[in-house]
Amino acid sequence: MTDCIFCRIIRGEIPSQRVFENEAFVAFRDIHPAAPVHVLLVPKRHVPDLLSLRDDPEGASLMGALADV
């Protein structure tokens with residue numbers, strides 16, 4: 001699935017206020033913040049949910065890269 005809202009934001013089809021980007025992740029401000037600073041950090045690769053990473057050989061490296069951000 002590549003038409004989810006996060007994939008569309010990453011591709012630039014939906015505008016966002018990006019505050020960080022590297023080869024694996026994009027961070028952007030939430031359009032309906034629940035706090036004064038509310039930033040979403042999402043992987044550039046489509047991940048349907050965290051449990052799907054458990055069965056993915058590259059899932060551990062993606063989660064490790066998240067810890068380095």
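Reading from the N terminus, the elements of the protein chain come in the order α-β-β-β-α-α. That gives 3 helices and 3 strands in total, where helices (H or I, at least four residues) and strands (E, at least two) are DSSP runs numbered from the N terminus. This is a predicted model, so a few ground rules apply: local features need pLDDT of at least 70, side-chain atom pairs count only at pLDDT 80 or more, and totals for chains, interfaces and linings use all residues. Residues are numbered from 1 along each chain as its sequence is written, and side-chain values use heavy atoms, with hydrogens and water left out.

The C-alpha trace spans about 35 × 25 × 20 Å along its principal axes. Of the 69 residues in the protein chain, 20% count as buried. Here buried means under 20% relative accessible area, exposed means over 50%, and partly exposed is in between (1.4 Å probe, protein chains only).

**The strands**

Let's start with how the strands go together; two of them pair if DSSP finds at least two bridges between them. β1 and β2 run antiparallel to each other, with 3 bridges, and a hairpin of 3 residues connects β1 to β2. Across this pairing, Arg18 sits opposite Phe28 in β2, and Phe20 sits opposite Ala27 in β2. On to the next pair: β2 and β3 are also antiparallel, this time over 5 bridges. There, Arg29 faces Val39 in β3.

β2 covers residues 25-29 and is mostly tucked away, with 4 of its 5 residues buried. As a general point, side chains in a regular strand alternate between the two faces of the sheet.

**The largest pocket**

What is the volume of the largest pocket? It comes to about 210 Å³, a volume being the space filled by probe spheres set on grid points that are joined across faces, edges and corners. A pocket is defined on a 1 Å grid over the protein atoms alone, as an open set of points where a 1.4 Å probe fits, with protein on both sides within 12 Å along at least five of seven lines; lining residues have an atom within 4 Å of a point.

The lining includes Ile5, Phe6, Ile9, Phe28, Arg29 and Leu40. Helix α1 (5-11) and strand β2 each put in at least two residues, and α1 gives the most, with 3. Phe28 and Arg29 thus turn up again: both line the pocket, while Phe28 has Arg18 across from it and Arg29 has Val39.

**Salt bridges**

Searching the whole structure turns up 5 salt bridges, each one a side-chain nitrogen of Lys or Arg within 4 Å of a carboxyl oxygen of Asp or Glu. Here are three of them:

| Pair | Closest N to O distance |
|---|---|
| Arg8 and Glu13 | 3.3 Å |
| Arg11 and Glu13 | 2.8 Å |
| Glu21 and Arg18 | 3.0 Å |

Through shared partners, Arg8, Arg11 and Glu13 end up in one network. Arg8 is partly exposed because its relative accessible area is 33%. Arg11 has 43% relative accessibility, so Arg11 counts as partly exposed too. Glu13, at 45%, is likewise partly exposed. As for the Glu21 and Arg18 pair, Glu21 is partly exposed at 42%, and Arg18 is partly exposed at 32%.

**The nonpolar surface patch**

Which residues make up the nonpolar patch on the surface? They are Val19, Phe20, Val37, Val39, Leu41, Leu50, Met63, Leu66 and Val69, with about 740 Å² of accessible area together. Patch residues have over 30% relative accessible area and no salt bridge; nonpolar side chains (Val, Leu, Ile, Met, Phe, Trp, Tyr) are joined within 5 Å, and like charges within 9 Å. The areas come from the Shrake-Rupley method with a 1.4 Å probe, and for residues only the protein chains shown count as cover.

β1 (18-21), β3 (39-43) and α3 (59-68) each supply at least two residues of the patch. Met63 is a patch member located in helix α3, and Met63 counts as partly exposed because its relative accessibility is 36%.

Ala65 is also found in helix α3. Is Ala65 buried or partly exposed? At 27% relative accessibility, Ala65 is partly exposed. Ala65 and Glu13 lie 52 residues apart along the chain, and their C-alpha atoms are separated by 25 Å.
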